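Here is a walk through one protein model, taken a piece at a time. Keep the 3D view open and turn it as you read.

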Amino acid sequence: MKLTILICSLFLLACSVFAQDSVKRTIAVKTTTPPKIDGLLDDDAWKNAPIATDFVEQSPVAGRHEGKEDRTEVKILYDDNAIYIGARMYEKTSKVAHELVNRDNVGTSDFVGVVLDCYHDGINAVGFYVTAAGVQFDAKYAPNPNGNSEDATWNAVWLSKAHIDKDGWTAEIKVPYSALRFAKKDVQFWGLQLVRRRQYLQKELFWSPVDPKKNGFVNQEGDLNGIQHITPPVRLGFYPYISTYVNHYPYNTPGLKNTSVQFDGGMDVKYGINESFTLDLTLVPDFGQVQSDNQVLNLTPFEVKYVENRPFFTEGTELFTKGNIFYSRRVGGTPINYNEAYDNLKPGEQVISNPSETKLLNAFKVTGRTSGGLGIGIFNAVTDPTNAVIQDSLGHKRQVETSPYTNYNILVLDQNLANNSSVTLINTNVDRFGKDYSADVGGVVFSLYNNKANTYTLRGFALMSNLYGASTKPSTGYSYEWAGGKSSGNFTWLLTEDHVDNKYNPNDLGILNNNNYFDHNLNLVYADYNPKRWFTQWDVFGNLYYSRQYYPSTYQWFNQILGFDFKLKNFSYIGLNFSHDDKGNDYYEPRVAGRVFQVPENANFGIYYNNNPAARFSWGGDYFYRKFYSHGGYGHDVVLYYNLRVSDHFSFGQNVSYTPRINNTGYSTVDSASNNPVFALRNVYTLENIFNIKYTFNDVMGLTFRLRHYWSRLNVLQYYDLGQTGALDPLVSQHFNTDNNMNYNDWNIDMLYVWEISPGSELSFDWKNSSLIDNDQARQGYFQNFENTLHVPKNNNFSLKILYYIDYQSLVKKHKKVSA
């Protein structure tokens, strides 16, 4: 810890060069008569407010100022309850793009937005956007290694309207103070950014210029002055819900019902503990309507990392992601002893029930930041014990506990420093009650920059993991990473050293595919943002990646990448990519400790393209050719996608990927006679087809439909013994006779209707249709598999959910009116 603090201090001292930039400023005017939020800008309150204008392009031509005929004019008001934004966007009416989409999407629409940094730290902010079709989009901004991350899952309750007229379009936004966090003081000094998107010209414009050569977004904000004598309100909101589920699967088995019905109810609570900190609490949560996971045939030695779609675990979690030791799918995930249900089965017994997920009872998080820049995050979640049910031939049942009562905790202290820098202390803990072990991971994370332009950076972390408890021998492991380089300018570079010892294990609440490595990586990028004859901007990038096993210290692999990206003046995009992997040593593919597989040399070439994304018919594709210098191996990656916008209400699209691997070598099984890993020369064909339909009725009501069919087929051509040196030797076992051909189909339909009945409240109806086929019919082609998939029994799940938002402030106002 002392060494880390010393390094941070020396870096800040050595890089204390500071370049003072000119900062744009505007003033918010107090009003006693707030404007009506109808998008028309005809209220008297707007007349005397100063105008923020002269927006500057960030793309396609960085630094170009907007013209008089297509200018943007924004005015800002405030009162004791909210801040108001009125915007006029001059444009030819026929060029105003206004596609209707669901909330938190912009589609191919023009939009305008305001980004507020209420603590003026240049690091954290919230954004409120409205499209020309009147659709809302809000987001939270937080620091990440590439500048700022945009958390589009963050949601607040606010008002907006848009209106298209002969001069272009206008918008009004009302952001209640209950949607913001700010210090309690007489004079407020906020950071401000105003944003406009013109779709048909693919122009992104900012009031305070955003230089693409500089690292970061929030740190390039302007100033908002004039707000005085406002008080942070009591921020308290309740989100009770009720839901019902009807599930049908044709078991057609005595004792098993084909149809089941379930009723649920619960509540989310948001409470402002003070002006800076918020408590988010979920009681008996319901995540049944989130999108289905993209299941795949996993041939690797590592687990598949799935996307988190549960709102509570995606919204406002930026503090908890520091150090990359929080994988939220662990909470409510697969029971730790899931497979034990199938161990020690007695003759005649079978597992009749084995839940694949643990039940989340409740969870809460406390997040916020003091006026001194100290961010604090506390996370806690509790899951119920999980049991599998085993039944014998006489109908007698017994239970096997697959997961105990479990408590998950995270504590984060994140201190902002000068020049958008920060130092963080983080700790995660998993307590399992019973015979299973517990786990703890913690350490320090730092991100340092030499000036507000973020010209040079030094960042990294140092972490320690501990496993302890009745069922395991105590184990302590360590990991660290440091990265330093130039992060702003046309030419940027970053050198990284990453070390994980052979005992480090964060996987009880995080995810790490493997430990025991010592890696170095050099990334180089040169980008030109000045328009040329055919391009508006282009870049070339290179990467060198060298990896060694830590203990014992041996070479693993060496990878080189060279690529080019070009943005054309017709707003299309094209890229080229070349990569090469030297011969390597893979210590994970054999699945047996101490064994190694000699990975053959391979080379890849790829090209990717997409046309103007604002076009009515947008499309693109990727093609990669991969050559493996062993057994004549090769492969193709083909991706094609399109989206057709039939009208501003209706669109549909498709994404198809085909990835054959011919004469591919990889792990197959273990020879039970010799206990030696057996590898296979095989052909693997994978095709994924995703079809989407979107129909949006208006700015608060929409329907989405998503169908995914995933098919993967593996045909074994020849088996090999894995030699002691890592080479593949002819199979010598006379006892090995295993057919490891595979045929895998995953089918999912997700159809969701959402109606925002009032701000913060919604009614939703969801239909899920799914099936999974996993067998050895590996001689069938894709169309035969598709036909089989259509005819197999499927699970159908229908759900209806009503979520209602209750605002404490509104209740108080209504009570006062009734009392008066």
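Let's begin with a term we'll need right away: a salt bridge here is a side-chain nitrogen of Lys or Arg within 4 Å of a carboxyl oxygen of Asp or Glu. The idea behind it is simple, as side chains of opposite charge can pair when their charged atoms come close. One thing to keep in mind throughout is that this is a predicted model.

With that in hand, look for Arg103 and Asp138, which form a salt bridge with their closest N and O atoms 3.0 Å apart. The two partners come from distant parts of the chain, 35 residues apart: Arg103 is in the loop between S5 and strand S6 (111-117), and Asp138 is in strand S8 (residues 136-144). Are these two buried or exposed? Arg103 counts as partly exposed because its relative accessible area is 22%, while Asp138, at 0%, counts as buried.

Now move along to Asp508 and Arg432, another salt bridge, where the closest N and O atoms are 2.9 Å apart. Asp508 sits in the loop between S28 and S29 and Arg432 in strand S24 (residues 421-432), so this pair ties together parts that are 76 residues apart in sequence. Both Asp508 and Arg432 are buried.

A further pair to find is Glu688 with Arg708, whose side chains meet in a salt bridge at 2.7 Å, N to O. Here strand S40 (residues 676-698) supplies Glu688 and strand S41 (residues 701-722) supplies Arg708, and the two residues are 20 apart along the chain. Arg708 has a relative accessible area of 0%, so it is buried.

Salt bridges can also join up into something bigger than a pair, and Asp70, Glu91, Arg196 and Arg198 are linked in a network of them. How many salt bridges does the structure hold? The count is 36.

Let's leave charges for a moment and look at the surface. Tyr456, Trp482, Phe491, Trp493, Leu495, Leu524 and Tyr526 make a nonpolar surface patch of about 590 Å². Strand S28 (491-500) and strand S29 (517-528) each bring at least two residues to this patch, and S28 gives the most, with three. Trp493 is a residue of strand S28, and since its relative accessibility is 31%, Trp493 counts as partly exposed.

Stay on strand S29 and you'll come to Asp528. Asp528 counts as buried because its relative accessibility is 9%. Lys213 is 315 residues away from Asp528 in sequence, yet their C-alpha atoms are 8.9 Å apart in space. For another long stretch of chain, try Val307 and Ala615: they are 308 residues apart along the chain, and 29 Å separates their C-alpha atoms. Val307 is in the loop between strand S17 (277-283) and helix H2 (311-314), and with a relative accessible area of 58% it is exposed.

Next, a pocket. The second largest pocket has a volume of about 760 Å³. It is lined by 28 residues, and the closest to its centre are Pro176, Asp807, Gln809, Ser810 and Lys813. Which elements each supply at least two residues of that lining? They are strand S5 (82-90), strand S11 (168-176), strand S46 (806-807) and helix H4 (808-819). H4 gives the most, with five residues. By type, the lining divides into 15 nonpolar, seven polar and six charged residues.

Finally, zoom in on the backbone. The peptide bond from Ser59 to Pro60 is cis, with omega near 5°, and Pro60 lies in the loop between strand S3 (56-59) and strand S4 (72-78). Tyr551 and Pro552 are joined by a cis peptide bond too, with omega about -10°. You'll find Pro552 in the loop between strand S30 (535-549) and strand S31 (554-568).

Two residues are worth a look for their phi angles. Leu41 is not a glycine but has a positive phi near 60°, and it sits in the loop between strand S2 (29-30) and S3. Asn454, also not a glycine, has a positive phi of about 55° and lies in the loop between strand S25 (438-449) and strand S26 (456-468). Leu41 is partly exposed, with a relative accessible area of 26%, whereas Asn454 is buried, with 3%.

Conventions. Residues numbered from 1 in each chain as written. Predicted model: local features only at pLDDT ≥ 70, side-chain atom pairs only at ≥ 80, totals over all residues. Heavy atoms only, no water. 1 Å grid on protein atoms, 1.4 Å probe; cavity = no way out; pocket = protein on both sides within 12 Å on 5 of 7 lines; lining within 4 Å. Points joined across faces, edges and corners; volume = space filled by probe spheres on them. Helix = DSSP H or I, 4+ residues; strand = E, 2+ residues; numbered from the N terminus. Nonpolar A, V, L, I, M, F, W, Y, C, P; charged D, E, K, R; others polar. Patch = residues over 30% accessible without salt bridge, like charges linked within 9 Å, V, L, I, M, F, W, Y side chains within 5 Å. Areas by Shrake-Rupley, 256 points an atom, 1.4 Å probe, with all protein chains shown as cover. Buried < 20%, exposed > 50% of the residue type's maximum accessible area, 1.4 Å probe, protein only.
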